[in-house]
Each structure stands twice: as C-alpha cells, then as structure tokens.
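Welcome! Here is a short tour of this structure, set out topic by topic. Keep the sequence and the 3D view open as you read.

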Amino acid sequence: MKILLTGGSGFIGSNFVRYVLRDRDDIEVVNLDALTYSGNPENLADVENDPRYTFVHGNILDIELCRKLIGECDAVIHMAAESHVDRSIIDARPFVESNVLGTQTLLDAMRKVDPDNAKTFVHVSTDEVFGDLPLDRPELKFSEATPYAPSSPYSASKAGSDMIARAYHHTFGMKVMVTNCSNNFGPYQFPEKVIPLFVTNLIEGKKVPLYGDGRNVRDWLHVEDHNEAVLAVLEKGEPGESYCIGGNNERSNLELTHAILGAMGKDESWIEPVKDRLGHDRRYAIDATKLKTQLGWEPTRSAWPAALESTVKWYVDHAEWWKRVKSGAYRGYYEQQYVNR
Ligand code: NAD
Ligand code: DAU
C-alpha cells in the first residue's frame, strides 16, 4: 500500500513515517508537507534515504499537486494543519486556510482522480472539537456521540474540517473516516507545546510558565499509540465513521508539571504561574471503547511514569535538535503574554 501522508514533517507525522518504515515493510509513504514553522526535515533525517519514503515539498492548498499525488497513491492520511491553540488566538487566518480550505482542497482533488471511490481518506482530528468537560464530573468523557462545541479558533477550524470530511462521505460516497484524538506526547514535538516547552526551559535554566490555576486536565497519549490507532482506522475502519483515540491517562497540568520537575530533579520553585490562556478549555477526556471493541486497539505505550520519563529523556538527549528549533521561529509563550496584556 502506498500512503499519501500530509504534514509528515511535523510531530505526529514524522513519528508516523518512522513507525511505518520500521514495522510495516508492505507500506510506502509519500509525505506532502509545506514546511511551515513546525515542519522540519530534520525530524526525518534518519530515514530520508529509505526507498519506501518520498518527500514532496508542497502545500495542500495546491489542488493540481494534490491530484497528482493522490492519483499515485492508494490512500490518504491527512495530518497537515496549523496545530497550536495559542497561535490561533493571535491569528486565526492560517488555521482557516490550512485546516478548513486545505482539507476541502484535498478532498476535491481526491474526488477528481478517484471517481469510483476506491481510495480511503483518514482525516486526523482532535478531541478539542467537542469543547471541554467540567472538572467535577469525572464520569463524563468525550465519545463519537458527543456533539461538537469547539471553543478556540484552532478547534473551530478543526471542527469545520471534520464537517467537510463527513459531508464528502455523505454527499459523494467517498471512503472518509475521521479520528479525534487527545493530547499526544513523545519525540520531535515542537517546543511550543507544554511538555517539550517545560522540559527544554528547565534544561536552559528557565522557569516553566503554568497557565492559570494549573487545574486544567488533558488525556495524554503517546504518539506511537496514536499512530498505531490511525493505521488501524485506515485498514479496518468503516467509511463514514469517526473514532475517538485516547490514552486513558488524565492528568492536571499541575500533576504533569510536578512529574516533569521530578524527572528532572527540580523543585516547585521552577514553576512560574502566569495569566491564563484566553478561553482555556478545562478538561478533555476520551472514551475509546469503540476503537477497542470494533478495531481491537487500545493504548500500550502511554502509561506513566515510564512513558513520560522516556520522553523527557529524549529531549535531554537531543538538545541539538530543539536548540535549533527554539532559536528559529519559536515565539509561542511570549506572543501569548502579548495577547493577554
Ligand atoms: P505539527 O504542527 O507538529 O505539524 C503539522 C505539519 O503540517 C507540519 O509539518 C507543517 O509543515 C504541515 N502543514 C501545515 N500546514 C500545511 C499546509 N497548508 N500544507 C502542507 N503542510 C502543512 O502538528 P502535530 O502536532 O503533528 O499535529 C498533526 C495533526 O494531528 C494535526 O491535524 C492536529 O490537528 C492533529 N492533532 C494533534 C494532536 C497533538 O497533541 N499534537 C492531538 C490531536 C490531533
Ligand atoms: O487535545 C488535543 C490537542 O492537544 C491538539 O489538537 C492540539 O494540536 C495540541 O496542541 C494540544 O492542545 P493543548 O492546547 O491541550 O496543548 P498545549 O501543549 O498547548 O497545552 C497543554 C496544556 O498545558 C493546556 O491546558 C495549556 C497548558 N499550558 C500550555 C503551554 C504552552 C501551560 O500551562 N503553559 C504553557 O506554556
């Protein structure tokens, strides 16, 4: 099978390429990536000469290019997106362009070159499309039946892209599936996201900026568990269906911060409480029963403390990678302070 992967030079995509090349010798991957601030060819430097991997530098908004590449592949896994909530609060436009228009462009390209709907399209989305959950109702979780209620410009743009993907299945009979997953962690995550930001700040001798009261909860999923689930959906999922992917691993930001501090031998004087993110979602939690019962998937690599500690160690061991990334386009936290003033 030859897969067109969009956004393969980012965090989740680069881990997907490495995972598939390592574990599945029956799969080839073509990576279409625009190399925005978060796309980094260094993320795949170790596999760039693998005969089963091809990189194409281009934008999902380029319909001719998308037609050509989809025509040469058997399936599409669509990960390319603007992905950071804080950036969407500063400027929502690139989010609407890449996430909404980009998804529609890809789907239109696929319609053109696959009129018989032989190919499969997996649209990788987020649990943030469901809005948030209260802290005092731990029994509540998101599932495939939860109504959409996105809160940030990022999640609104992802919700829009999910709706377009579902509509192309309903209207044109295309073999589209949507995945909604929780917070990923692991190697090669851009250091604007909380785990690599906090770990690399501590290595640099800087404090960690904890938003608000630190009680917000996320369901942490190891990136390789996520990618295994995406592949299961591609190979065994039902067209028109959506699948929630979670780590069974809910943690408050305070708990996460203390775990990172502990793994790095630091005390809580390294926490710098800062003003809260605008519209900050309180809690995300996933009920992944459908994936388990229908496709036989459940997370096996996400359990703490081992999974978090190995991720922290990866950043400690790869300072040359994140130092180059951080010295470039990274402005997340400081932009956020500007927005809050
Ligand atoms: P990322 O920001 O690390 O990577 C995004 C990649 O997409 C980059 O390589 C970038 O260059 C590329 N890209 C962006 N716009 C493009 C365009 N117009 N054309 C071509 N390429 C473009 O993001 P990530 O964390 O790896 O997320 C990947 C996908 O997973 C996104 O769709 C995101 O919404 C979704 N997701 C992420 C998480 C998470 O915790 N990181 C959780 C749930 C869902
Ligand atoms: O839930 C899935 C989503 O997870 C994905 O769709 C997004 O692409 C991904 O970025 C992530 O969104 P979050 O906003 O949850 O991730 P982030 O790492 O930005 O923040 C995680 C939590 O940590 C959140 O409650 C905000 C808090 N935080 C974040 C940063 C960057 C801080 O307290 N301080 C910070 O400096």
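A backbone N or O atom of L35 sits 3.4 Å from an oxygen atom of ligand 1. This is a predicted model, and ligand 1 makes a good place to begin. From there the notes move to ligand 2, then to some helices and single residues.

**Around ligand 1**

- Of the 28 residues that surround ligand 1, those that come nearest are D33, S38, S83, Y154 and K158.
- S38 brings a polar side-chain atom to 2.8 Å from an oxygen atom of ligand 1.
- M79 takes part through its backbone, with an N or O atom 3.0 Å from an oxygen atom of ligand 1.
- On its own, ligand 1 would expose 830 Å², and the protein buries 97% of that.
- Helix 1 (11–23), strand 5 and helix 5 each give at least two residues to the shell around ligand 1.
- Strand 5 supplies the largest share of that shell, with 3 residues.
- Sorted by class, the shell around ligand 1 holds 11 nonpolar, 15 polar and 2 charged residues.

**Around ligand 2**

- Ligand 2 has 25 residues around it, and the closest are T126, D127, Y154, R277 and H280.
- Y154 is thus listed among the closest residues to ligand 2, and it is also listed among the nearest to ligand 1.
- Two backbone approaches are worth finding in the view: an N or O atom of V194 lies 2.8 Å from an oxygen atom of ligand 2, and an N or O atom of P209 lies 2.7 Å from a nitrogen atom of ligand 2.
- H280 uses its side chain instead, placing a polar atom 2.7 Å from an oxygen atom of ligand 2.
- Taken alone, ligand 2 exposes 690 Å², of which the protein buries 95%.
- The elements that contribute two or more residues to the shell around ligand 2 are helix 3, helix 6 (194–203) and strand 8 (208–211).
- By class, that shell is made up of 10 nonpolar, 8 polar and 7 charged residues.

**T126 in strand 5**

- T126, listed among the closest residues to ligand 2, belongs to strand 5.
- T126 counts as buried because its relative accessibility is 7%, below the 20% cut-off.
- The side chains of T126 and D127 are joined by a polar contact of 3.4 Å.
- The T126 side chain also reaches the backbone nitrogen of E128, at 3.0 Å.
- Beyond its neighbours within four places in sequence, T126 is in contact with Y154, K158, T179, N180 and C181.

**Helix 5**

- Helix 5 (residues 153–172) has 20 residues and spans 28 Å from its first C-alpha to its last, close to the 28 Å expected at 1.5 Å a residue.
- Its buried residues are Y154, S155, S157, K158, A159, S161, D162, A165 and Y168.
- The cover over those buried residues includes helix 3, helix 4 (93–113), strand 5 (120–126) and strand 6 (175–181).
- Just past the end of helix 5, G173 adopts a positive phi of about 75°.

**S88 in helix 3**

- S88 is placed in helix 3 (residues 85–90).
- Is S88 buried or exposed? S88 is buried, because its relative accessible area is 2%, under the 20% limit.
- The side chain of S88 reaches the backbone oxygen of V85 at 2.8 Å.
- Apart from neighbours within four places in sequence, S88 is in contact with F95, S152, P153 and Y154.

**Helix 6**

- Why is helix 6 described as largely enclosed by the rest of the structure? The reason is that 8 of its 10 residues are buried.
- Those buried residues are I195, P196, L197, F198, V199, T200, N201 and L202.
- Among the elements that cover them are strand 7 (184–185), strand 8, helix 8 (253–263), helix 10 (306–317) and helix 11 (319–326).
- Just after helix 6, G205 has a positive phi of about 80°.

**E72 in a loop**

- E72 is found in the loop that links helix 2 (63–71) and strand 4 (75–78).
- With a relative accessibility of 41%, E72 counts as partly exposed.
- E72 and V233 are separated by 161 residues in sequence and by 21 Å in space, C-alpha to C-alpha.

How values were computed. Residues are numbered from 1 along each chain as its sequence is written. Chains are lettered from A and ligands numbered from 1 in the order in which they are written. This is a predicted model: local features need pLDDT of at least 70, side-chain atom pairs count only at pLDDT 80 or more; totals for chains, interfaces and linings use all residues. Side-chain values use heavy atoms; hydrogens and water are left out. Helices (H or I, at least four residues) and strands (E, at least two) are DSSP runs, numbered from the N terminus. Buried means under 20% relative accessible area, exposed over 50%, partly exposed in between (1.4 Å probe, protein chains only). A polar contact is a pair of N or O atoms within 3.5 Å; within protein, one must be able to donate a hydrogen and the other to accept it, and residues adjacent in sequence count only if both atoms are side-chain atoms. Contact means heavy atoms within 4.5 Å. The expected span of a helix is 1.5 Å times one less than its number of residues. A residue is near a molecule or strand if one of its heavy atoms lies within 4 Å of it. Accessible areas come from the Shrake-Rupley method with a 1.4 Å probe; for residues, only the protein chains shown count as cover. Ala, Val, Leu, Ile, Met, Phe, Trp, Tyr, Cys and Pro count as nonpolar, Asp, Glu, Lys and Arg as charged, and the others, Gly among them, as polar.
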